[in-house]
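Work through the exercises below with the sequence and the 3D structure at hand. Each task is followed by a solution in steps.

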Amino acid sequence: MRSFWEERYGAPEYAYGEEPNQFLKEQLALLPKGRILFPADGEGRNSVYAATQGWDVVAFDMSAEGKKKADALAKKFGAEVDFHVGLIQELEFPKESFDALVLIYAHFPPEFRKMWHQRLAGYLKPGGTLIIEGFSKEHLELSRKNPKVGGPQNIDMLFSLEELQDDFTDFDFIECCGQTIDLNEGLYHVGTSSVIRLVARKR
Ligand SMILES: C[S@@+](CC[C@H](N)C(=O)[O-])C[C@H]1O[C@@H](n2cnc3c(N)ncnc32)[C@H](O)[C@@H]1O
């Protein structure tokens with residue numbers, strides 16, 4: 001899988017664009033600024049945006065090519081992101097040290113998803129906010145009709161509300177819904193998509 005992302009991010013263009021995800025942008029505007037973690041951040045479009053808005057940002061991705069692009073984007077916008085190359089299952093951050101945790105199109109193998117979600121949730125302070133946008137299981141049919149919209153082709157890697165609620169057990173869900181939206185993010189998220197958007201607060 002790592003080679004897939006290295007090849008994708010090794011291309012000159014930003015795979016998902018330079019602009020942040022729209023839902024993330026809306027949600028960040030509602031929160032007091034603090035320390036925020038972006039796991040699986042790809043080429044940095046979301047973490048760099050948060051840094052431009054005054055957040056204290058830590059991000060990581062398995063791809064070294066992703067970090068190169070993220071560093072270049074941060075430089076372009078005069079922003080500072082503490083970006084690491086590494087895997088969720090290997091990197092460690094201090095427990096309960098972040099005010100917000102963001103997972104945008106971060107889809108994991110079903111056998112690890114719950115464990116990794118719980119590991120990441122452990123980095124949030126009590127009262128901290130979780131923000132997720134990702135493809136729902138209903139998306140599979142849409143992506144088969146229109147491959148330009150992207151997303152995992154394994155239905156078990158796509159989200160359901162029930163699975164996410166079961167992964168993040170010690171959270172109060174503020175917003176948690178399935179939506180059909182028109183995505184227009186860079187080269188690989190283009191078209192009608194079925195997504196889950198979630199905001200939850202750690203108890
Ligand atoms: C669809 S991309 C989304 C990137 C970014 N969040 C965005 O929205 O632009 C999924 C990302 O998850 C990363 N990823 C998947 N599994 C990972 C893992 N176990 N540890 C670190 N990164 C991972 C990949 O390298 C890839 O950059």
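**Exercise 1.** Classify Tyr 105 as buried or exposed, and state where Tyr 105 is found.

Solution. The model is a predicted one. Step 1: count the other C-beta atoms within 10 Å of Tyr 105, which gives 22. Step 2: compare with the cut-off, under which a residue is buried if 20 or more other C-beta atoms lie within 10 Å. Tyr 105 is therefore buried. Step 3: locate the residue; Tyr 105 is found in the loop between β4 and α5 (110-121). Step 4: check the backbone; Tyr 105 is not a glycine, yet has a positive phi of about 50°.

**Exercise 2.** Determine the sign of phi at Glu 96 and the burial class of this residue.

Solution. Step 1: phi of Glu 96 is positive, about 50°, although the residue is not a glycine. Step 2: Glu 96 lies in the loop between β3 (81-85) and β4 (98-104). Step 3: the count inside 10 Å is 14 C-beta neighbours, so Glu 96 counts as partly exposed.

**Exercise 3.** Take Glu 111, Gln 179 and Pro 12 in turn, and find the element or loop that holds each residue and its burial class.

Solution. Step 1: the cut-off needed is that a residue with 12 or fewer other C-beta atoms within 10 Å is exposed. Step 2: Glu 111 lies in helix α5, and Glu 111 is exposed because 8 other C-beta atoms lie within 10 Å. From Glu 111 to Thr 169 the C-alpha separation is 18 Å, over 58 residues in sequence. Step 3: Gln 179 belongs to strand β6 (residues 171-185). With 12 C-beta neighbours inside 10 Å, Gln 179 also meets the criterion and counts as exposed. Leaving out residues up to four places away in sequence, Gln 179 touches Val 195 and Arg 197. Between Gln 179 and Phe 98 there are 28 Å, C-alpha to C-alpha, at 81 residues apart in sequence. Step 4: Pro 12 is found in the loop between α1 and α2 (22-28), and with 5 other C-beta atoms within 10 Å it is exposed. The C-alpha atoms of Pro 12 and Gly 44 are 14 Å apart, and the two residues are 32 residues apart along the chain.

**Exercise 4.** Which residues are in contact with Asp 41, leaving aside its neighbours within four places in sequence?

Solution. Step 1: Asp 41 lies in the loop between β1 (35-38) and α3. Step 2: 28 other C-beta atoms are within 10 Å, so Asp 41 is buried. Step 3: the contacts of Asp 41 are Asn 46, Ser 47, Ala 59, Phe 60, Asp 61 and Ala 70. Step 4: for a C-alpha distance, take Ser 63, which is 22 residues from Asp 41 along the chain and separated from it by 9.4 Å.

**Exercise 5.** Describe how helix α3 packs with helix α4.

Solution. Step 1: α3 (residues 45-52) and α4 (residues 64-77) have axes 9 Å apart and pack at an angle of about 30°. Step 2: angles under 35 degrees count as roughly parallel, so α3 and α4 are roughly parallel to each other. Step 3: the crossing of α3 past α4 is right-handed. Step 4: α3 contributes Arg 45, Ser 47, Val 48, Ala 51 and Thr 52, which meet Ala 70, Leu 73, Ala 74 and Phe 77 of α4. Step 5: sorted by class, this contact of α3 with α4 has six nonpolar, two polar and one charged residues.

**Exercise 6.** Repeat the analysis for helix α1 and α4.

Solution. Step 1: the axes of α1 (residues 2-10) and α4 come within 7 Å and cross at roughly 30°. Step 2: α1 and α4 are therefore roughly parallel to each other. Step 3: on the α1 side the contact is made by Trp 5, Glu 6, Tyr 9 and Gly 10, and on the α4 side by Ala 64, Glu 65, Gly 66 and Lys 69. Step 4: the classes in the contact of α1 with α4 are three nonpolar, two polar and three charged residues.

**Exercise 7.** How many residues surround the ligand, and which are the closest?

Solution. Step 1: the number of surrounding residues is 18. Step 2: the closest are Trp 5, Tyr 16, Ala 40, Gly 42 and Met 62. Step 3: the shell around the ligand divides into ten nonpolar, five polar and three charged residues.

Definitions and conventions: Residues are numbered from 1 along each chain as its sequence is written. This is a predicted model: local features need pLDDT of at least 70, side-chain atom pairs count only at pLDDT 80 or more; totals for chains, interfaces and linings use all residues. A residue is near a molecule or strand if its C-beta atom, placed from the backbone, lies within 6 Å of it. Ala, Val, Leu, Ile, Met, Phe, Trp, Tyr, Cys and Pro count as nonpolar, Asp, Glu, Lys and Arg as charged, and the others, Gly among them, as polar. Axes are lines fitted to C-alpha atoms, for helices over the stretch in contact, and angles run from 0 to 180 degrees between N-to-C directions. Helices (H or I, at least four residues) and strands (E, at least two) are DSSP runs, numbered from the N terminus. Angles under 35 degrees count as roughly parallel, over 145 as roughly antiparallel, 65 to 115 as roughly perpendicular and the rest as oblique. A crossing is left-handed if the near helix is turned anticlockwise from the far one by less than a right angle, and right-handed if clockwise. Two residues are in contact if their C-beta atoms, placed from the backbone, lie within 7 Å.
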